[in-house]
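Work through the three exercises below with the model open. Try each task before you read its solution.

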Amino acid sequence: MAARKTSKKGVAKVCRDCHRVVDGDSCSMCGTANLTADWAGYLVIIDPATSDVAKRMNITVPGRYALKVR
């Protein structure tokens with residue numbers, strides 16, 4: 001079983017569209033409310049221009065992301 005990052009309020013939610021870890025009821029990147037608490041793999045992208053993982057996941061903005069979203 002994969003460990004999940006927890007916030008102060010419990011399990012953090014992730015946007016199903018862009019995989020960004022969000023603090024609230026909607027994604028600050030794409031604006032959707034399509035969130036889930038069912039995710040695995042915590043990824044922090046600091047410099048997307050030089051990150052091979054960010055390029056493979058089509059991430060262009062630094063931030064916290066989930067690798068797998070269900």
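The exercises use a predicted model.

**Exercise 1. The aromatic pair**

Task: Find which residues form the one aromatic pair, and classify its geometry.

Solution:
- Step 1. The structure holds one aromatic pair. The partners are Trp39 and Tyr42.
- Step 2. The ring centres lie 6.4 Å apart. The pairing cut-off is 6.5 Å, so the rings count as a pair.
- Step 3. The planes make an angle of 40 degrees. Stacked needs under 30 degrees and edge-to-face over 60, so this pair is tilted.
- Step 4. Now check burial. Trp39 has 0% relative accessibility and is buried. Tyr42 has 34% and is partly exposed.

**Exercise 2. A surface patch**

Task: Which residues form a nonpolar patch on the surface with Tyr42, and what is the accessible area together?

Solution:
- Step 1. The partners of Tyr42 in the patch are Val44 and Ile46.
- Step 2. Together, Tyr42, Val44 and Ile46 have about 310 Å² of accessible area.
- Step 3. Patch residues need over 30% relative accessible area. Tyr42 passes because its value is 34%. Ile46 passes because its value is 73%.
- Step 4. Locate Ile46. This residue sits in the loop between S6 and H1. Ile46 is exposed.

**Exercise 3. A serine before a helix**

Task: Is Ser51 buried or exposed, and which backbone nitrogen lies 3.0 Å from its side chain?

Solution:
- Step 1. Place Ser51 in the loop between strand S6 (39-45) and helix H1 (52-56).
- Step 2. Its relative accessible area is 17%. The limit for buried is under 20%, so Ser51 is buried.
- Step 3. A polar atom of the Ser51 side chain lies 3.0 Å from the backbone nitrogen of Ala54.

Terms used: Residues are numbered from 1 along each chain as its sequence is written. This is a predicted model: local features need pLDDT of at least 70, side-chain atom pairs count only at pLDDT 80 or more; totals for chains, interfaces and linings use all residues. Side-chain values use heavy atoms; hydrogens and water are left out. Helices (H or I, at least four residues) and strands (E, at least two) are DSSP runs, numbered from the N terminus. Buried means under 20% relative accessible area, exposed over 50%, partly exposed in between (1.4 Å probe, protein chains only). A polar contact is a pair of N or O atoms within 3.5 Å; within protein, one must be able to donate a hydrogen and the other to accept it, and residues adjacent in sequence count only if both atoms are side-chain atoms. Patches are made of residues with over 30% relative accessible area and no salt bridge: like charges are joined within 9 Å, nonpolar side chains (Val, Leu, Ile, Met, Phe, Trp, Tyr) within 5 Å. Accessible areas come from the Shrake-Rupley method with a 1.4 Å probe; for residues, only the protein chains shown count as cover. A salt bridge is a side-chain nitrogen of Lys or Arg within 4 Å of a carboxyl oxygen of Asp or Glu. Rings of Phe, Tyr and Trp (its six-membered ring) pair if their centres lie within 6.5 Å; planes under 30 degrees apart count as stacked, over 60 as edge-to-face and the rest as tilted.
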